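Student: Can we walk through this one together, starting with how the helices pack?

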Amino acid sequence: MPVGPSPTFPALGIGMDSCVIPLRRGGLSLVQTTDCFYRLVEDPYMMGRTASANVLSDLYAMGITECDMLMLLSVSQSMSEEEREKVTPLMVKGFRDSTEEGGTAVTCGQTMVNPWLIIGRVATVVCQPNEFITPDSAVVGDVLVLTKPLGTQVAVSAHQWLDNPERWNKVKMVVSREQVELAYQEAMLNMATLNRTAAGLMHTFNAHAATDITGFGILGHSQNLEKQQRKEVSFVIHNLPIIAKMAAVSKASGRFGLLQGTSAETSGELLICLPREQAARFCSEIISSKYGEGHQAWILSIVEKGIIEVLSRGATAAALAPDNSNVSSEPCS
């Protein structure tokens with residue numbers, strides 16, 4: 001039996017969010033992803049929630065809202081028995097709470113001891129073709145929408161620098177300790193927030209493609225998504241929504257490349273290609289109180305032909321935005 005991509009389900013390239021494996025019977029496909037990472041924030045409970053949300057976003061980027069889960073947990077050898085007894089249950093609780101919020105449950109998993117504290121998961125679903133959206137159908141004129149602000153890596157790092165005088169001295173002229181604390185709290189909340197509502201609305205508003213923004217930054221993930229498209233298109237990003245003051249911190253520190261689109265995100269936002277006539281409606285719907293607190297989304301630009309880039313005027317808009325709000329040169333409302 002020949003092995004290769006199905007003409008119905010084209011193979012997803014390296015760097016995309018999930019694998020899609022056509023099964024031999026019933027016209028079904030297995031969609032699966034896995035991820036894990038080291039301690040990122042100080043709160044073990046929020047760390048567990050973030051780990052869960054991070055992996056689920058790989059499936060959410062394909063419009064999948066239900067799955068089955070395995071948990072991967074590595075407890076550090078350097079932790080004392082008391083630390084393990086306090087930290088581990090809190091991480092697991094955060095993980096389970098997030099999983100239940102996402103409409104699924106942890107069925108089993110694997111626990112180990114090694115030099116590092118690591119938490120992650122495997123997310124799996126078997127579904128019909130109409131239950132997921134392959135990330136390959138963007139067309140010229142589509143609108144790019146982002147579901148969370150950028151800047152989580154910068155905010156987490158800046159918070160760590162509060163106890164590192166050498167690093168703090170480089171940025172203290174552009175941000176206060178109080179502003180760093182606020183940015184850190186917002187980053188933690190954003191990382192723990194599920195993209196499940198956006199995933200469901202991708203079907204409602206006929207999304208053509210999507211990806212979640214994580215380790216490659218918005219530029220890297222945009223490039224990966226652009227390469228996956230069946231038609232000749234490129235994404236030209238004009239606007240960058242950024243957590244307040246984090247653009248200034250990135251610039252002053254000489255790190256991250258936040259305004260250049262290369263700063264990594266954790267449990268980040270979905271970048272969604274929507275038909276032009278549906279984008280504003282998507283944004284109005286996602287902020288609706290019918291989905292709990294609602295979540296703001298931002299229009300970044302449109303799908304065009306040409307070289308992919310993050311334009312400098314987007315960076316300027318980010319740098320000059322008010323200090324007390326997230327940045328958006330073109331908010332959806």
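**Helices and sheet**

Student: How far apart are the axes of helix α3 (residues 152–161) and helix α8 (residues 246–253)?
Tutor: The two pack at about 65 degrees (axes are lines fitted to C-alpha atoms, for helices over the stretch in contact; angles run from 0 to 180 degrees between N-to-C directions). Helices are DSSP runs of H or I with at least four residues, strands E runs of at least two, numbered from the N terminus. Keep in mind it's a predicted model, where local features need pLDDT of at least 70, side-chain atom pairs count only at pLDDT 80 or more, and totals for chains, interfaces and linings use all residues; numbering starts from 1 along each chain as its sequence is written, and side-chain values use heavy atoms, without hydrogens and water. As for the axes of α3 and α8, they're apart by 10 Å.

Student: Which residues of α8 does α3 meet?
Tutor: Contact means heavy atoms within 4.5 Å. From α3, the players are Val154, Ala155, Ala158 and Trp161. Their counterparts in α8 are Met246, Val249, Ser250 and Ser253.

Student: Which strands stand at the edges of the sheet?
Tutor: Five strands make an open, mixed sheet, ordered β1-β2-β5-β3-β4 (strands pair if DSSP finds at least two bridges between them). Each edge strand has a single partner, so one side lacks a neighbour in the sheet. Those strands are β1 (19–22) and β4 (106–114).

Student: What is the bridge partner of methionine 69 in β5?
Tutor: Strands β3 (residues 68–76) and β5 (residues 118–127) pair in the antiparallel sense over seven bridges. For methionine 69, the β5 partner is alanine 123.
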